[in-house]
Amino acid sequence: MAEVHNQLEIKFRLTDGSDIGPKAFPDATTVSALKETVISEWPREKENGPKTVKEVKLISAGKVLENSKTVKDYRSPVSNLAGAVTTMHVIIQAPVTEKASSVGSK
C-alpha cells in the first residue's frame with residue numbers, strides 16, 4: 001500500500017469549466033505524459049482539441065509546467081492529504097507557424 005502515497009490524483013480543468021478525470025498518476029509520470037493523457041481523453045464532442053503535446057499547456061498553482069519535469073516535482077503539501085485532488089488547468093495553443101511568427105505586429 002505504500003505505492004498509494006507515490007501517486008497523485010489529478011483532474012484537468014478545460015477552459016469551458018469541464019473536467020477530464022480525476023485519475024491517479026504515479027510520481028514518476030512526466031508532464032509530457034500528462035499532456036498525452038489530456039489529448040487521448042479530450043471529449044469528442046468538443047471542437048478544436050489538441051493534436052500534439054506542443055499545443056497543450058498545463059498550469060498548476062500558477063505555474064506553467066515543463067514537459068521534462070515529473071508529477072513529484074510539482075507535488076504540493078496539500079496533495080498529501082487523504083482524498084485530495086490536484087486540479088491542473090489546460091490551455092490549448094495552436095502551434096505558431098514560422099510565417100505567422102515572422103510577421104511584425106501592426
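**Arg13 and its partner**

I looked up Arg13 first and found this residue partly exposed, with a relative accessible area of 24%. I keep in mind throughout that this is a predicted model. Arg13 forms a salt bridge with Asp19, and the closest N and O atoms of the two are 2.4 Å apart. I then checked Asp19 itself, which is also the partner of Lys11 in a salt bridge, here with 3.8 Å between the closest N and O atoms. Lys11, Arg13 and Asp19 are therefore written down as one network, since salt bridges link them and a salt bridge is counted when the side-chain nitrogen lies within 4 Å of the carboxyl oxygen. For Asp19 I noted a relative accessible area of 33%, which makes this residue partly exposed, because that value falls between the 20% limit for buried and the 50% limit for exposed.

**The other salt bridges**

How many salt bridges does the structure hold? I found four in the search. One of them joins the side chains of Lys23 and Glu41, at 2.8 Å from N to O. This pair links distant parts of the chain, with Lys23 in strand β2 and Glu41 in helix α1, 18 residues apart. Lys23 is partly exposed at a relative accessible area of 32%, and Glu41 is likewise partly exposed, at 33%. As a reminder to myself, side chains of opposite charge can pair when their charged atoms come close.

**The aromatic pair**

I searched the whole structure for aromatic pairs and the search returned one. The pair is Phe12 with Phe25, and I recorded it as edge-to-face because the ring planes stand at 75°, with the ring centres 6.0 Å apart. Phe12 sits in strand β1 (residues 7-13) and Phe25 in strand β2 (residues 19-26), so I noted a link between distant parts of the chain, 13 residues apart. Are the two rings buried or exposed? Phe12 is buried, with a relative accessible area of 1%, and Phe25 is buried as well, with a value of 6%.

**The nonpolar core**

I next listed the largest nonpolar core, which has 18 residues, and asked which of them touch the most other members. The answer was Ile10, Phe12, Leu34, Val38, Leu58, Met88 and Val90. The elements that give two or more residues to this core are β1, β2, α1, β3 (56-60) and β5 (86-92), and the largest share, four residues, comes from α1. I followed Ile10 further and, leaving out residues up to four places away in sequence, found contacts that include Phe25, Leu34, Val71, Val85 and Met88. Among the other residues that Ile10 touches are Gly21, Pro22, Lys23 and Thr86, so Lys23, noted above for a salt bridge with Glu41, appears in this list too.

**Ser40 in helix α1**

I looked up Ser40 and placed this residue in helix α1 (residues 31-41). A polar atom of the Ser40 side chain lies 3.1 Å from the backbone oxygen of Thr37. I also checked Ser40 against Pro50, ten residues apart along the chain, and found their C-alpha atoms separated by 9.2 Å.

**Confidence**

Last, I noted the confidence of the prediction: the mean pLDDT of the chain is 83, and 78% of its residues reach 70 or more. Which elements have the lowest and the highest mean pLDDT? Helix α2 (residues 98-102) has the lowest, at 52, and α1 the highest, at 96.

Methods. Residues are numbered from 1 along each chain as its sequence is written. This is a predicted model: local features need pLDDT of at least 70, side-chain atom pairs count only at pLDDT 80 or more; totals for chains, interfaces and linings use all residues. Side-chain values use heavy atoms; hydrogens and water are left out. Rings of Phe, Tyr and Trp (its six-membered ring) pair if their centres lie within 6.5 Å; planes under 30 degrees apart count as stacked, over 60 as edge-to-face and the rest as tilted. Buried means under 20% relative accessible area, exposed over 50%, partly exposed in between (1.4 Å probe, protein chains only). A polar contact is a pair of N or O atoms within 3.5 Å; within protein, one must be able to donate a hydrogen and the other to accept it, and residues adjacent in sequence count only if both atoms are side-chain atoms. A nonpolar core is a set of buried Ala, Val, Leu, Ile, Met, Phe, Trp, Tyr and Cys residues joined through side-chain atoms within 4.5 Å. Contact means heavy atoms within 4.5 Å. pLDDT is the predictor's confidence in each residue, from 0 to 100.
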